Protein chains: 2
Amino acid sequence: MAPVQDARHGEGSPPITNNGSNEEQLHKKYRVTIIGSGNWGSVAAKLIACNTIKLPAFHDEVRMWVYEETLPTGQKLTEAINRSNENVKYLPGIKLGKNVIADPDLEHAVRDANMLVFVTPHQFVEGICKRLVGKIRGDAEAISLIKGMEVKMEGPCMISTLITEMLGINCCVLMGANIANEIAVEKFSEATVGYRENSEVVQRWVRLFSTHYFIVSPVQDVEGVELCGTLKNVVAIAAGLVDGMDMGNNTKAAIMRIGLREMRTFSKLMFSSVKDSTFFESCGVADLITTCLGGRNRKVAEAYARSGGKRSFDELEAELLQGQKLQGVSTAKEVYEVLSHRGWEELFPLFTTVHEISIGRLPPCAIVEYSEHKPNFSLVEGSAQYY
Amino acid sequence: MAPVQDARHGEGSPPITNNGSNEEQLHKKYRVTIIGSGNWGSVAAKLIACNTIKLPAFHDEVRMWVYEETLPTGQKLTEAINRSNENVKYLPGIKLGKNVIADPDLEHAVRDANMLVFVTPHQFVEGICKRLVGKIRGDAEAISLIKGMEVKMEGPCMISTLITEMLGINCCVLMGANIANEIAVEKFSEATVGYRENSEVVQRWVRLFSTHYFIVSPVQDVEGVELCGTLKNVVAIAAGLVDGMDMGNNTKAAIMRIGLREMRTFSKLMFSSVKDSTFFESCGVADLITTCLGGRNRKVAEAYARSGGKRSFDELEAELLQGQKLQGVSTAKEVYEVLSHRGWEELFPLFTTVHEISIGRLPPCAIVEYSEHKPNFSLVEGSAQYY
């Protein structure tokens, strides 16, 4: 094989000149573009950039599409990133790798890439995909790192599915116990990649993200992996309520276990392809633990219980999260709509109770009071296997 | 049916006069004896006594065999319990129920019982069973609440099996996230009963222990349930090391997940009957969480890591636990002997590393450093299913 030209252009970051004209060369190495540049997106860039520079299968250069902002200094964010190799706004103090090139032009950023990493706030995905239609390579593969898909009454609306449907490309997901700032300083962590069929593609994603401190495992279960990332936030609300009532580790562990069971049962009722084993992966039990030990959902729920339910979640969110959003409460509401639409409330006492507490219909202590009503799965036809 | 005489004798606690002479009467109601009266045994007595007095299937009276001690006041422990209805030494401040009768005579205590609850320190079980041979009813059933079975080189030595083999009776197990003092004050908790075959018997045990704050679920997997109760202590050592190095919630969650995976794999390699689903029960993931958040194994391991491995586990145990014993280190050693005997060390990097750290062969930071060597289960014939 002919040697492949190194595409790294150094700090000056001129635009890619190849322009897709030399298809053969482009095919030889995979080109990665990251769509998004927040806290987690920047950490993903760091992980990826350290691999593309080492592994011959990938072009060294990693494009990162950045929603352009003007910093208080007057400088553009992309210019600051490309000059300092740091995302000075969303991940200050961490070098991303000199082969990460911030690009404010979405279409330009994706043009030559055949590996697209989606890591934006979930409400922007649809708009971004609209802009990308017809602008991406025919052989592109995608992966979504976006937690927080919506659950609509007719069922969950997976972000991986949205990307696949809008762009006509395969989309894996990467989820797990991934606190961005801890991974940024190279603390040991794990993640799970969910894929649909092509095991060669998933191995490529695993290689792209894996480092000695970031261990990535593939699981053939996109829906299971992606649902874990959303549903755990509802359980974190329950765990926070237990903390706020000082009920101790025993009760908290019981609530987390019941929550994991409901995550599993709900996911399996929504998608029969979901596997039990997925919930033993980083995206399942580990992400649940991380989220219920720290995390903003837990924090706000704890404060809610300490106030005796007198202050609203909205008020506490504004006070405690400095503009960050609380996902657990809205996910609980969405899940509740699915459950009540199908008459399944009694099968999911924890999910249902979290919603009813969050809207003030039940007091915080109700979180441990549904327990005498054990879910009866014979109500759901053919559901014995789910429980 | 003829009315059955209430066997409750009130506070004076005269010996049972029935003497087994009226077999028919005895058969009508189940009689419970608790063998052991420590912290957890006393809480078990409270749970059981509140049920036997309510449920017509059980004799009200619950005998509790107490290893007799003389209190500093000069009073006998059994007398103090029967007078005050409290185990003044091991669970002060908690009323056990007036139908709990402390009995210092082991043979007398079990004579009329057909439900035997074993809840002693594990090193005493063998001696107690020897004394019970030929002294128990032919229709007796047993349940073991004893955590801390030994793992011998040829495999785990289950306490339930020991009881069954020595006494010729069926033995279930009850395990779970059960911090005795939290359950004593009626904080919400869960437990798992493992049983072998007879679902009628297990339902009786479930009814005997269940209260509105203590939710008990049956699982047909004695070995899986019992192994969880022991192996989690090894994982708690690992979690404590992570705490002692201030590695954050993300790393801790990853280590707990890997630990749960090794618990599952080890159990399934030891007993092919062990079920994956058992690890989603209270005895599995919930007990693991409780033990890794609080618990003495975690605590001593944290101190060990903070000392940089300079102080020994023995020294820290003596200093921090006031005479209580650390089980995780000895269990790690026992598990390591099984692994090295079979050449399985690489399949269980966490278990192996915990042992090597605890004997000073590796530094505390090694707990996150085996990660690049992913276990290769193809080494164990037919083991793909285990992983």
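**Figure 1. Gly343(B), just after helix H14(B), in the predicted model.** Gly343(B) follows directly on H14(B) and takes a positive phi of about 75°. The helix before Gly343(B) covers residues 327-342 of chain B, 16 residues in total. From its first C-alpha to its last, H14(B) reaches 23 Å, close to the 22 Å expected at 1.5 Å a residue.

**Figure 2. The buried residues of H14(B) and what they pack against.** Buried residues of H14(B) include Gly328(B), Thr331(B), Ala332(B), Glu334(B) and Tyr336(B). Val335(B), Val338(B) and Leu339(B) are buried as well. The buried residues of this helix pack against one strand, S6 (150-152), and against helices H9 (222-244), H10 (248-270), H12 (296-306) and H15 (349-358), in chain B.

**Figure 3. The two chains laid on each other.** A turn of 180°, with a shift of 0.0 Å along the axis, lays chain A on chain B with an RMSD of 0.0 Å. The two copies are therefore related as by a two-fold rotation axis. The same surface serves both copies, as 100% of the contact residues of chain A recur in chain B.

**Figure 4. The contact between chain A and chain B.** Chain A gives 42 residues to the contact, and chain B gives 42 residues. About 3,700 Å² is buried between the chains, with 61% of this area from carbon and sulfur atoms.

**Figure 5. Salt bridges and polar contacts between the chains.** Four salt bridges are counted between chain A and chain B. One salt bridge joins Glu281(A) to Arg257(B), with the closest N and O atoms 3.7 Å apart. Polar contacts link 16 residue pairs across the two chains. On the side of chain A that touches chain B, H10(A) supplies the largest share, twelve residues.

Conventions. Residues are numbered from 1 along each chain as its sequence is written. Chains are lettered from A and ligands numbered from 1 in the order in which they are written. This is a predicted model: local features need pLDDT of at least 70, side-chain atom pairs count only at pLDDT 80 or more; totals for chains, interfaces and linings use all residues. Side-chain values use heavy atoms; hydrogens and water are left out. Helices (H or I, at least four residues) and strands (E, at least two) are DSSP runs, numbered from the N terminus. The expected span of a helix is 1.5 Å times one less than its number of residues. Buried means under 20% relative accessible area, exposed over 50%, partly exposed in between (1.4 Å probe, protein chains only). Contact means heavy atoms within 4.5 Å. Copies are superposed by least squares on the C-alpha atoms of residues with pLDDT of at least 70 in both. Buried area is the accessible area (1.4 Å probe) that two parts lose on being put together, summed over both. A salt bridge is a side-chain nitrogen of Lys or Arg within 4 Å of a carboxyl oxygen of Asp or Glu. A polar contact is a pair of N or O atoms within 3.5 Å; within protein, one must be able to donate a hydrogen and the other to accept it, and residues adjacent in sequence count only if both atoms are side-chain atoms.
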